Amino acid sequence: MRHVIVGTAGHIDHGKSAMVKALTGTDPDRLKGEQLRGITIDLGFAHLDLGDVQVGFVDVPGHEKFIKNMLAGVGGIDFVLLVIAADESIMPQTREHFDICRLLGVHTGIVVITKTDMVDAEMIELVHDEVAEATIGSFLERAEIIPISSKTGDGIDRLKKAIHDLALSTQPRPSDRVLRLPIDRAFSIRGFGTVITGTLTSGEIQKDQEIELIPGGLKAKVRGIQVHGNMTGHAIAGQRTAVNLQGVDLADVERGMVVTVPNLFRATQILNVHLQLLPAAKPLKNLIKVRFHQGTLEVLARVALIGRDSLAPGESAFAQLRLDEPVFCLHGDAFIIRQFSPTITIGGGIILHPNPSKHRSTDRQTLAALQGLDIDNLSEKIPVLLAINSRRAMDLNELNSLLGLPGPNIVKLCSDLAKSGKIIMLPAPAPILVLPPVVDSLKKETLAQVGDFHKDNPLQKGISREELRKRFYDDLPFEVFRYCLDDLAEKHKISLQEDMVSLFGREVQLTAEGQQLRDRIEAFFQKAGYQAYQVADLQNSITENPEEVRRIFFWMVKEKILIKLSDDLVYHRTTLETIKQLIKAKFAPGAKFGVAEFKELFDITRKHAIPLLEYLDREKFTRRLGNDRILL
Ligand SMILES: Nc1nc2c(ncn2[C@@H]2O[C@H](COP(=O)(O)OP(=O)(O)OP(=O)(O)O)[C@@H](O)[C@H]2O)c(=O)[nH]1
Ligand SMILES: [Mg+2]
């Protein structure tokens with residue numbers, strides 16, 4: 001079963017709505033004003049069942065004042081029926097609608113010549129020739145041209161068959177995109193609450209799923225779904241869909257918002273685009289204000305041309321659009337711009353970056369980046385998107401908020417890129433993506449920093465990890481820091497010990513004078529033996545250069561040459577070793593001894609004995625049991 005959305009296009013009064021009614025039996029002009037005035041004001045919808053093809057019609061208004069509404073409908077169509085009345089032939093909105101379809105990337109359609117009952121055969125022939133000429137070089141160049149009369153029913157069956165055949169021969173919509181349903185109508189039904197409708201342009205929607213409305217970020221639950229008037233559990237891309245939302249008020253929903261999956265996308269106000277100016281437009285000046293249309297939304301925007309002051313008719317260029325309000329767009333979306341006043345369509349194009357960073361890049365850099373994104377191959381764009389990101393790493397969700405691919409697809413794309421070495425992908429709840437040159441320069445900076453630290457602090461084993469991280473990796477996920485350190489350690493560039501980072505193979509270096517002091521301090525504590533000294537004793541004993549003595553003393557404590565049991569109790573490590581050996585010689589494992597015995601054995605006071613015994617307990621050499629110790 002194929003589902004297609006077919007849009008009408010064409011000048012006012014050329015018979016678009018009459019044609020839809022002749023095809024489907026449904027009058028798409030549903031508003032009172034429309035029926036009274038005989039013109040279409042807003043979008044109309046109808047459904048045609050052609051067996052293996054289900055067609056949803058989006059009927060648009062032809063009046064130039066309502067092009068805004070036409071644009072809200074044309075965004076989601078698979079192909080167009082360009083309607084031209086036989087008695088008037090090509091008129092201004094015929095051209096404008098045709099241009100809009102071209103700019104939005106509509107790639108196929110059918111030309112319908114209506115009102116054939118009002119003219120003779122020769123006239124139809126003439127219109128036929130005009131159409132053939134006007135479509136040369138466009139997506140409609142090879143389109144069927146079908147004359148019909150909605151009044152007599154002439155040609156309607158032929159048109160149905162053409163729609164059926166074209167539906168089957170057009171590419172199905174890519175299913176590899178996440179849910180997007182740009183809202184074109186919102187209303188409230190008593191007993192149900194808020195209902196929105198729109199063309200499901202990508203992905204699918206399920207009953208009971210949670211959705212988010214962007215912009216605004218409102219969350220809601222899908223209470224029910226209708227496709228062509230029938231309740232259903234889910235709807236897929238290419239279907240006209242009505243969704244009953246639970247948890248939002250009608251006042252919070254409007255045309256232009258998009259229904260999508262929760263917690264992935266953000267609205268944006270700056271877009272980097274490739275912009276094409278129509279040949280019939282006036283030259284476009286830099287920073288001019290325009291009306292921006294994408295999906296079902298319209299906002300005012302300023303066009304900042306990149307690297308040029310103006311754009312000539314028919315030309316194309318890269319530009320930045322600065323929008324008055326936030327919108328939800330993705331890389332690859334097509335858009336239209338219309339002149340601020342009078343409102344006529346002047347151009348359109350493709351969004352290349354929906355959320356460019358605000359940092360100042362030169363025009364040259366921006367141009368190069370945009371050229372890198374203006375290509376077909378999706379996987380080649382990913383390193384470009386990483387490179388132009390203002391931060392040095394991105395997580396997978398952040399990347400995907402620009403692309404909108406389903407989870408498994410984006411993971412596969414990135415894993416393949418990582419395998420070929422084009423990016424580095426680090427495991428994390430949302431994998432972290434970083435470019436190899438970024439990691440290379442981080443590692444370089446890290447090595448230089450560790451080296452400098454050694455120079456400035458010869459007595460310290462190394463720089464603390466945290467200090468290093470803060471200095472170079474503060475804006476980066478922890479995974480990147482760990483990856484760089486682990487990689488440097490693996491390559492024997494650095495050593496990692498506890499929380500210290502040092503250059504590989506580096507020993508603590510003392511000057512000759514420092515070495516001498518170190519020896520004297522060591523001798524001092526060795527001489528003390530079991531009668532431990534205090535730090536103050538040391539300062540009284542070695543009086544010159546107290547600052548250096550302190551530094552070396554603390555370094556020796558860190559190196560565990562000296563063991564500090566408390567502020568006034570410092571032992572040389574060999575003394576503590578001797579104590580252990582003597583206890584072992586005197587007692588068998590499991591034997592008990594008391595504080596008195598211990599004091600006696602080493603001829604020390606209680607003041608020293610207790611901290612020493614507690615130290616031995618901590619070392620798991622002894623275990624306390626009441627007032628006694630058990631040798632382990
Ligand atoms: N004789 C004849 N009249 C037609 C035919 N198709 C449409 N009309 C008449 O032309 C007028 C306009 O038709 P619509 O279908 O409303 O035209 P439209 O293109 O939808 O107009 P807008 O939506 O306002 O742009 C109506 O009065 C129709 O009855 C046709 O094939 N033959
Ligand atoms: Mg109409």
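Strand β33 spans residues 622–625, and T622 is found in it. The strand belongs to a predicted model, and every value given below is computed from that model. Is T622 buried or exposed? Its relative accessibility is 2%, and because buried means under 20% relative accessible area, T622 counts as buried.

The surroundings of T622 can be followed through its contacts. Leaving aside residues up to four places away in sequence, T622 touches F593, L613, L616, D617, R629, I630, L631 and L632. One of these neighbours, D617, is also joined to T622 through the side chains, by a polar contact of 2.6 Å.

The next site to consider is that of the magnesium ion, ligand 2. Which residues coordinate this ion? They are S17, through its OG atom, and T40, through its OG1 atom, at 1.9 to 2.0 Å. The pair links distant parts of the chain, the two residues being 23 residues apart. S17 lies in helix α1, which covers residues 16–24, whereas T40 lies in the loop between α2 (32–37) and β2 (44–49). With a relative accessibility of 13%, S17 counts as buried. T40 is likewise buried, its relative accessible area being 8%. Both classifications follow because the limit for a buried residue is under 20% relative accessible area.

Attention may now turn to enclosed space within the protein. How many cavities of 30 Å³ or more does a search of the whole structure find? The search finds 2. The largest cavity holds about 60 Å³ of space. Its lining consists of F265, R266, T268, F328, C329, L330, P354, N355, S401 and L402. By character, the lining residues of the largest cavity comprise 6 nonpolar, 3 polar and 1 charged.

The second largest cavity has a volume of about 40 Å³. V535, L538, Q539, V549, R550, F553 and F554 form its lining. Two helices, α15 (535–541) and α16 (546–558), each supply at least two residues of this lining. Which helix gives the most to the lining of the second largest cavity? That helix is α16, with 4 residues. The lining of the second largest cavity divides into 5 nonpolar residues, 1 polar and 1 charged.

Technical notes:
Residues numbered from 1 in each chain as written. Chains lettered and ligands numbered in written order. Predicted model: local features only at pLDDT ≥ 70, side-chain atom pairs only at ≥ 80, totals over all residues. Heavy atoms only, no water. Donors = N, O, S within 2.8 Å, 3.2 Å for Na, K, Ca; no water. Buried < 20%, exposed > 50% of the residue type's maximum accessible area, 1.4 Å probe, protein only. Polar contact = N/O pair within 3.5 Å; in protein donor to acceptor, adjacent residues only side chain to side chain. Contact = heavy atoms within 4.5 Å. 1 Å grid on protein atoms, 1.4 Å probe; cavity = no way out; pocket = protein on both sides within 12 Å on 5 of 7 lines; lining within 4 Å. Points joined across faces, edges and corners; volume = space filled by probe spheres on them. Nonpolar A, V, L, I, M, F, W, Y, C, P; charged D, E, K, R; others polar.
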